[in-house]
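Visitor: I'm new to this structure. Could you take me on a close look at the empty spaces inside, and then at the aromatic rings?

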Amino acid sequence: MKKKLRYLSLFFVALLIIPLITACSSQTQPYDSSKKLGQQINYTITGIDAGAGIMSSTQKALKEYGLSDKNWQLQTSSTAAMTSTLDKAIKEKRPIVVTGWQPHWMFTKYPIKFLKDPKNVYGKAESIHTVVRLGLKKDDPEAYTILDRFHWKPAQMSEVMLKVNNGMDPQKAAKQWIKANPKLVDEWTKGVKKVHGKSLKMTYVAWDSEIASTNVVAQVLRNQGYKVTIQAMEQQPVWASIATKAADAQVSAWLPKTSGLYYKDYKGRFEDLGPNLKGAKVGLAVPKYMKNINSIEDLKNK
């Protein structure tokens, strides 16, 4: 009886171990261009937060390109989890498909590329806008002027993002960037009077790009004499905070597509100061060593 139980125990242990070994081996194999990509990554696209605009666009892309018919799925995680998974995959030259956007430090740090989107599901290049509450211009003209003037380029934003990604405190990274770019900061603040301790609240989506921009603008306003608080939220609460005047400003409105739904929902309840960064892009991305995967259509065909 004991011998029989021992064999049964070994049998059940084997049932548990075999799938684990199979799963691990399939997830650690380098990319093989001669094999179907879907089979190598379990037909899974690694995504970020469920509420992000890029996630709804990717769900639409799965349908538009017929990928949902081929069992492709979008895995919800977080920006940190997605970039961590990407990092591990690239170190082992494994295949991976991720939701990507630029500006983002991952396009500087890793050899990755956007997949072509012939059906234009993700839309053309976007701009990131500054949005403020109604009445800010009258209540705080100095802050309004700086927010209205704020603008920079993707490469400049990436400088801050990389420092934060390497472990630097966002506020410290912002201070260093401001110190290194006095001419541009002077463009934002020239002729603006100093204030003394006036309170200002900014909300933002906790994406790497928005962590960078919000901390830089907040620090510039602090240097001007404002007492600035910043708070991270999901996209919808960020827009609601501005619309209800619970917050004064945000510099993280990706338009016209990523934040388009919220722009429409709250239209008339905020003021759009226009782009603070142009040339932003969203879509699907893969490592460059996946040379035969260049279009979203390739996910279905190769």
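Guide: Here is a walk through the cavities first and the aromatic rings after that. Keep in mind that this is a predicted model.

Let's begin with the empty space. Rolling a probe the size of a water molecule over the atoms shows where empty space is left. When the whole structure is searched, two cavities of 30 Å³ or more turn up. The largest has a volume of about 70 Å³. Go around its wall and you meet I48, A52, G53, I54, W101, W207, W254, T258 and V282. Sort those lining residues by character and you get seven nonpolar, two polar and no charged.

Now for the second largest cavity, which holds about 30 Å³ of space. Its lining is made up of G53, I54, S57, Y122, K257, T258 and V282. Helix α3, which covers residues 53-64, gives the largest share of that lining, with three residues. The mix here is three nonpolar, three polar and one charged. A few names come up on both walls: G53, I54, T258 and V282 line the largest cavity and also the second largest.

On to the rings. The structure has 12 aromatic pairs. Take Y43 and W72, one of them: their ring centres are 5.6 Å apart and their planes stand at 85°, and an angle over 60 degrees counts as edge-to-face, so that is what this pair is. The two partners come from distant parts of the chain, 29 residues apart. Y43 sits in the loop between α2 (37-40) and β1 (44-46), while W72 sits in the loop between α3 and β2 (73-75). How open is each to the outside? Y43 has a relative accessible area of 27%, so it is partly exposed. W72 has a relative accessibility of 5%, so it counts as buried.

Compare that with F150 and W152. Their ring centres are also 5.6 Å apart, but the planes meet at 55°, so this pair is tilted. F150 and W152 are both buried. They also belong to one aromatic cluster, together with W177 and W188.

One last stop involves a ring and a charge. Look at Y65: the charged end of K119 sits over its ring, 5.6 Å from the centre.

Technical notes. Residues are numbered from 1 along each chain as its sequence is written. This is a predicted model: local features need pLDDT of at least 70, side-chain atom pairs count only at pLDDT 80 or more; totals for chains, interfaces and linings use all residues. Side-chain values use heavy atoms; hydrogens and water are left out. On a 1 Å grid over the protein atoms alone, a cavity is a set of points where a 1.4 Å probe fits but cannot get out, and a pocket is an open set with protein on both sides within 12 Å along at least five of seven lines; lining residues have an atom within 4 Å of a point. Grid points are joined across faces, edges and corners, and a volume is the space filled by probe spheres set on the points. Ala, Val, Leu, Ile, Met, Phe, Trp, Tyr, Cys and Pro count as nonpolar, Asp, Glu, Lys and Arg as charged, and the others, Gly among them, as polar. Helices (H or I, at least four residues) and strands (E, at least two) are DSSP runs, numbered from the N terminus. Rings of Phe, Tyr and Trp (its six-membered ring) pair if their centres lie within 6.5 Å; planes under 30 degrees apart count as stacked, over 60 as edge-to-face and the rest as tilted. Buried means under 20% relative accessible area, exposed over 50%, partly exposed in between (1.4 Å probe, protein chains only). A charge sits over a ring if NZ of Lys or CZ of Arg is within 6 Å of the ring centre and within 35 degrees of the ring normal.
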